[in-house]
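Reader: I am new to this structure. Please take me through one part of it closely: the packing around a single helix, and what ties in with that packing.

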Amino acid sequence: MSLDFAECDRARLARDSVYDGRFYTGVHTTGIYCRPVCPVRPARSANVSFFPSAAAAEAAGFRPCLRCRPETAPFCSAWIGSRATVERALRLIVEDGALDAEGATVERLAERLGVGARQLTRLFARYLQASPSEVAKTARVQRAKRLIDETSLPMTEIAMQAGFGSLRRFNSVFAEVYGRPPTEIRRKKFSGAAVLASPLSARLARCGALWRRSPY
């Protein structure tokens, strides 16, 4: 997909939610990529590049932003008309895990879509600037990141639910994408929750002590 730099830059600076999921911004000074709605102070226009998919940003060497969480961006439904094959393939990969199971291949996915594997790969390169395998890898990591943030499941279970064949593979790919292991992301999550909860716990403890001392 062709991205107009000026249009994307205006949307990024305005944090225009209409563009959320339609492109991602790679910031060269930090090595991070973000959604257009990221709350972080926008980088200078000279320091950014735009990508039509999260997989394209990761393939270019950028890591996902932990503030705007690209894994929660809405699915882009702009693939219509002649791009219907790409839309269907994306949904099979992202929602059904079509490239996650053992023995799953791009060739078999292409057969389901009624096209050749080379043609499907060319379509992905044209519209997403990433291969089907790269999109599938990003989808698996994004599923895992959501499970880390939203559940207390053990890492082995997260790896399996996200579509990884093994915990070792999950740890390796996650660290490659985020630049840190998944256990570090979870530690920060729970340490932040503990900081928020501690004042409340202290207040409840004080209230309990006062209630016990009350003559009533």
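Author: What follows starts at one helix and works outward. Keep in mind that this is a predicted model.

Start with α3, which spans residues 84-94. Which of its residues are buried? They are Val86, Ala89, Leu90, Leu92 and Ile93. Look down the axis of α3. The buried residues fall within an arc of 165°, so they line one face of the helix. The spacing has a simple background. An α-helix has 3.6 residues a turn, so residues three or four places apart point the same way.

What covers that face? The cover over the buried residues of α3 includes α4, α5 and α6. These helices return in the largest nonpolar core, which has 22 residues. Two or more of its residues come from each of α3, α4 (106-113), α5 (117-127) and α6 (132-150). Some members touch the most other members: Ile93, Leu109, Leu113, Leu120, Phe124 and Val135.

Now zoom in on Ile93. Set aside its neighbours within four places in sequence. Ile93 is then in contact with Ala98, Leu99 and Leu109, among others. Its contacts also include Phe124, Pro132, Val135, Ala136, Ala139 and Arg143. Leu109, Phe124 and Val135 are on the list of core members that touch the most others, as is Ile93.

There is also a second, separate core. It has 15 residues, including Leu147, Met155, Val177 and Tyr178.

Next, follow α6 to a charged residue, Arg140. The side chain of Arg140 forms a salt bridge with Asp100, with the closest N and O atoms 2.6 Å apart. Arg140 lies in α6, and Asp100 lies in the loop between α3 and α4, so the pair ties together parts that are 40 residues apart in sequence. Is Arg140 buried or exposed? Arg140 is buried, because its relative accessible area is 15% and the cut-off for buried is under 20%. Arg140 has a ring partner too. It lies over the face of Phe164, at 5.9 Å from the ring centre.

The bridge to Asp100 has company. The whole structure holds 12 salt bridges. Shared partners join Arg69, Glu71, Lys145, Asp149 and Glu150 into one network. Within that network, Glu71 and Arg69 pair up, their closest N and O atoms 2.8 Å apart. Glu71 is buried, at 4% relative accessible area. Arg69 is partly exposed, at 21%.

Another bridge joins Asp20 and Arg35, at 2.4 Å from N to O. Asp20 sits in the loop between α1 (5-14) and β1 (24-27). Arg35 sits in the loop between β2 (32-34) and β3 (48-51). The two residues are 15 apart in the chain. Asp20 is buried, at 12% relative accessibility. Arg35 is buried, with a relative accessible area of 12%.

Finish with the rings. How many aromatic pairs are there? The structure holds 8. One of them joins Tyr24 and Tyr33. Their ring centres are 6.0 Å apart and their planes meet at 85°, so the pair is edge-to-face. Tyr24 is buried, at 7% relative accessible area. Tyr33 is buried too, at 0%. Elsewhere, ring pairs link Phe5, Tyr19, Phe23 and Phe50 into a cluster.

Back to the starting point. The buried residues of α3 line one face, and their cover includes α4, α5 and α6.

Key: Residues are numbered from 1 along each chain as its sequence is written. This is a predicted model: local features need pLDDT of at least 70, side-chain atom pairs count only at pLDDT 80 or more; totals for chains, interfaces and linings use all residues. Side-chain values use heavy atoms; hydrogens and water are left out. A nonpolar core is a set of buried Ala, Val, Leu, Ile, Met, Phe, Trp, Tyr and Cys residues joined through side-chain atoms within 4.5 Å. Buried means under 20% relative accessible area, exposed over 50%, partly exposed in between (1.4 Å probe, protein chains only). Helices (H or I, at least four residues) and strands (E, at least two) are DSSP runs, numbered from the N terminus. Contact means heavy atoms within 4.5 Å. Rings of Phe, Tyr and Trp (its six-membered ring) pair if their centres lie within 6.5 Å; planes under 30 degrees apart count as stacked, over 60 as edge-to-face and the rest as tilted. A charge sits over a ring if NZ of Lys or CZ of Arg is within 6 Å of the ring centre and within 35 degrees of the ring normal. A salt bridge is a side-chain nitrogen of Lys or Arg within 4 Å of a carboxyl oxygen of Asp or Glu. The arc is that of the directions from the helix axis to the C-beta atoms.
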